[in-house]
Amino acid sequence: MKKPSVTELIKLLDKPALMYWANKQGLAGIDIKTERKKWLNDGTSMHSQVEEYVKNKTPFLNKDHQDNFDKFIFDKEVLFLEKKIETEYFTGRVDICYKQNDKIFIGDFKNNQTSLYFENKLQLVSYSMAENCDSFAIISMPSFEIIPVIIDDRKPFEEIIKALSIIYNY
């Protein structure tokens, strides 16, 4: 049986805030299909630039983005980037794992994100089911600002992901 990705599992959830966002975009005359393609392309490009910079010291296309990343990474040790993971419930890809002040963080890069969402917590806890970590972070690109993710009890999120996996397989 094919294992779903973490993203496929999270897509099973209702996201009412997304409906309001889509309505707002439509009222502003923004075609969300076109805009979504642009965001996905931008995100893929930024992920690639981060990976190329960390692995090969290839500069970013935009000097400001480069400077932002340098400020972000300054006091961190990158343990891995874009690592494929798999558990009995799902597959996935962790954007970044880094060490800072003797703590290991799993981070997820997001385009221009300013708030923390339930889905972010589910995604990050899912990754921790495959890779040990002490804490989590959302890293908003291209500013590379950190949105701290504090989760005192991971168990409920793990159980939700397991339940979504069961639903997906039905």
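Start by selecting helix α3, residues 32-56, and pick out Glu-51 and Lys-55: they are four residues apart in this helix, so about one helical turn separates them. Keep in mind as you go that this is a predicted model.

**Stop 1: two pairs within helices**

Show the side chains of Glu-51 and Lys-55, and you will find them meeting in a salt bridge, 2.8 Å from N to O. Is Lys-55 buried or exposed? Lys-55 is exposed, with a relative accessible area of 52%, while Glu-51, at 23%, counts as partly exposed.

Next, select helix α4, residues 63-73, where Lys-63 and Asp-67 are also four residues apart and therefore separated by about one helical turn. Their side chains form a salt bridge too, with an N to O distance of 2.8 Å. Colour by accessibility if you like: Asp-67 is partly exposed at 27%, and Lys-63 is exposed at 58%.

**Stop 2: a pair across the sequence**

Now select Glu-131 and Lys-83, whose closest N and O atoms are 2.8 Å apart in a salt bridge. Which parts does this pair tie together? Glu-131 sits in the loop between α5 and β4 and Lys-83 in strand β1, so the bridge links parts that are 48 residues apart in sequence. Glu-131 counts as buried, with 17% relative accessibility, whereas Lys-83 is partly exposed at 31%.

While charged side chains are on display, add Lys-155, Glu-159 and Lys-162, which are joined into one network by salt bridges that share partners. The count for the model comes to nine salt bridges.

**Stop 3: helix α5**

Hide the salt bridges and select α5, residues 118-128. How many of its eleven residues are buried? Eight are, which leaves α5 mostly covered. Among the buried ones you can pick out Asn-120, Gln-123, Leu-124 and Tyr-127.

Zoom in on Leu-124 and show what surrounds it. Beyond its neighbours within four places in sequence, Leu-124 is in contact with Ile-106, Gly-107 and Asp-108, with Phe-136, Ala-137 and Ile-138, and with Val-149.

**Stop 4: where α5 meets α6**

Bring α6, residues 155-169, into view beside α5. The two axes come within 9 Å and cross at roughly 85°, so α5 is roughly perpendicular to α6. To see the contact itself, select Phe-118, Lys-121, Leu-122, Val-125 and Ser-126 on the α5 side, then Phe-157, Glu-158, Ile-160 and Ile-161 on the α6 side. Coloured by residue class, the residues of this contact divide into six nonpolar, one polar and two charged.

**Stop 5: the nonpolar cores**

Finish inside the model. Select Ile-106, Leu-124, Tyr-127, Phe-136 and Ile-161: these have the most contacts within the largest nonpolar core, which has 22 residues. Elements that each supply at least two residues of this core include α1 (6-10), β1 (77-86), β2 (91-100), β4 (135-141) and β5 (145-149), along with the two helices from the previous stop. Which element gives the largest share? That is α5, with four residues.

For a last selection, try Phe-60, Ile-73, Phe-105 and Ala-137, which are included in a second, separate core of 16 residues. You have already come across Ala-137, as one of the contacts of Leu-124.

Definitions and conventions:
Residues numbered from 1 in each chain as written. Predicted model: local features only at pLDDT ≥ 70, side-chain atom pairs only at ≥ 80, totals over all residues. Heavy atoms only, no water. Core = buried A, V, L, I, M, F, W, Y, C linked by side-chain atoms within 4.5 Å. Buried < 20%, exposed > 50% of the residue type's maximum accessible area, 1.4 Å probe, protein only. Contact = heavy atoms within 4.5 Å. Axes fitted to C-alpha atoms, helices over the stretch in contact; angles between N-to-C directions. Parallel < 35°, antiparallel > 145°, perpendicular 65-115°, else oblique. Nonpolar A, V, L, I, M, F, W, Y, C, P; charged D, E, K, R; others polar. Salt bridge = Lys/Arg side-chain N within 4 Å of Asp/Glu carboxyl O.
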